[in-house]
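Subject: Structure handover

Hello,

Here is the structure you asked to take over. Please open it first, then read my notes below.

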Amino acid sequence: MWSTVLRTSLHLPSTLIERIEQAIFPPLCSSCRTRMPLRVPLCRTCQTSSRRILPLTYQHRHVTVNVYSIGAYEGAIQKLILSKNYGQAYGAQALAQLLAAEHLDKIMDAQCIMPVPLHWSRKMWRGFNQSEIIARHLSRHSHVPVDTHMHRATKTPQLTRLSITERNAIMQNVFALPGNSLAHKVHYHGAHVVIVDDVYTTGTTVKSMITVLKKMGVRRVTVLVAARVI
Ligand SMILES: [Zn+2]
């Protein structure tokens with residue numbers, strides 16, 4: 001924004017504008033705030049603080065699911081994800097940039113990008129949905145539209161301390177696509193849908209959304225998550 005103001009109002013050359021911008025807003029690592037030579041989300045140390053992991057592929061309700069992440073839920077990636085608990089959205093922006101840099105090619109043929117919805121009361125309390133910020137960034141770079149039709153019909157407790165059986169029981173019928181189901185069936189028939197979330201643990205949340213999408217005829221789901229718990 002600053003560079004645009006300087007360029008349009010003072011007619012300065014772009015190299016000089018970049019130097020002024022670097023001096024006023026030096027590139028900092030989003031996690032440890034170290035000054036860096038280039039404007040990238042993480043410094044080299046923070047980038048390697050989370051292990052890279054292979055994608056996960058499985059079938060759920062006869063829908064093919066591929067799960068891609070930036071890395072394991074640890075180090076700087078975990079720190080950026082947890083920044084949401086302090087009312088900070090900068091973590092989501094950095095995570096979105098890292099996800100786009102690595103996995104944008106996996107979603108270019110998708111029909112829509114669906115962030116995992118928060119219950120309205122949790123979103124109001126936090127002020128934003130981290131998954132939605134990531135989804136909107138991915139949408140800007142892929143031109144695949146964001147789809148926020150999916151709703152979280154019931155408020156659920158934090159799943160982190162629950163067993164898989166308890167999670168499955170709680171997450172049944174949590175999500176819904178309000179509106180005309182016939183119109184949804186036409187809209188989603190044979191579609192490739194991208195689901196975006198910040199953390200993937202057992203996949204219970206994603207599978208619960210896929211159950212709803214399968215009923216609408218979705219054929220393939222790509223899940224992009226900032227980190228996976230391994
Ligand atoms: Zn760093």
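Which residue in β7 stands opposite G71? It is A227. Please bear in mind that this is a predicted model.

The sheet

I started with the sheet. It is open, has 5 strands and runs in the order β1-β2-β7-β6-β3. The pairing is mixed. Strands β1 and β3 (112–115) form the edges, each pairing on one side only. Neighbouring strands are turned against each other by 25 degrees on average, direction ignored.

Two helices pack on this sheet. Helix α4 (residues 75–82) touches β2, β6 (192–200) and β7. The direction of α4 makes about 100 degrees with that of β7. Helix α5 (residues 90–103) touches β2 and β7. The direction of α5 makes about 120 degrees with that of β2.

Strand β2 and its partners

Strand β2 covers residues 63–72. Of its 10 residues, 9 are buried, so the strand is mostly covered. In the sheet order, β2 sits between β1 and β7.

With β1 (residues 56–60), strand β2 pairs in the antiparallel sense, over 5 bridges. One facing pair there is Q59 and T64, the latter in β2. The hairpin of β1 and β2 has 2 residues between the strands. In that hairpin, R61 takes a positive phi near 55 degrees.

With β7 (residues 220–228), the sense is parallel, and there are 8 bridges. Here S69 stands opposite V225 in β7. The pair from my opening question, G71 and A227, belongs here too.

A look at Y58

Y58 lies in strand β1. Is Y58 buried or exposed? Its relative accessible area is 16%. Buried means under 20%, so Y58 counts as buried. Leaving out residues up to four places away in sequence, Y58 touches V63, T64, V65, V67, Y200, V206 and K207. Among these contacts, V63, T64, V65 and V67 fall within β2. Y200 falls within β6. Q172 is 114 residues from Y58 along the chain, and their C-alpha atoms are separated by 20 Å.

The zinc site

Now for the metal. Which protein residues are donors of the zinc ion? They are C29, C32, C43 and C46, each through its SG atom. These donors lie 2.3 Å from the zinc ion. Along the chain they follow the spacing C-x2-C-x10-C-x2-C. The angles among the 4 donor atoms run from 104 to 113 degrees. Four donors count as tetrahedral if all angles lie between 85 and 135 degrees, so this site is tetrahedral.

How covered are the donors? C29 has a relative accessible area of 0% and is buried. C32 stands at 35%. Buried needs under 20% and exposed needs over 50%, so C32 counts as partly exposed.

Other cysteines

C112 is buried, at 4% relative accessibility. The number 112 also opens the residue range of edge strand β3. How many disulfides does a search of the whole structure find? The search finds 0.

That is the handover. Write back with any questions.

Best wishes

Notes:
Residues numbered from 1 in each chain as written. Predicted model: local features only at pLDDT ≥ 70, side-chain atom pairs only at ≥ 80, totals over all residues. Heavy atoms only, no water. Buried < 20%, exposed > 50% of the residue type's maximum accessible area, 1.4 Å probe, protein only. Helix = DSSP H or I, 4+ residues; strand = E, 2+ residues; numbered from the N terminus. Pairing = 2+ DSSP bridges. Donors = N, O, S within 2.8 Å, 3.2 Å for Na, K, Ca; no water. Tetrahedral: all angles 85-135°; square planar, octahedral: opposite > 155°, others 65-115°. Axes fitted to C-alpha atoms, helices over the stretch in contact; angles between N-to-C directions. Contact = heavy atoms within 4.5 Å. Disulfide = S-S within 2.5 Å.
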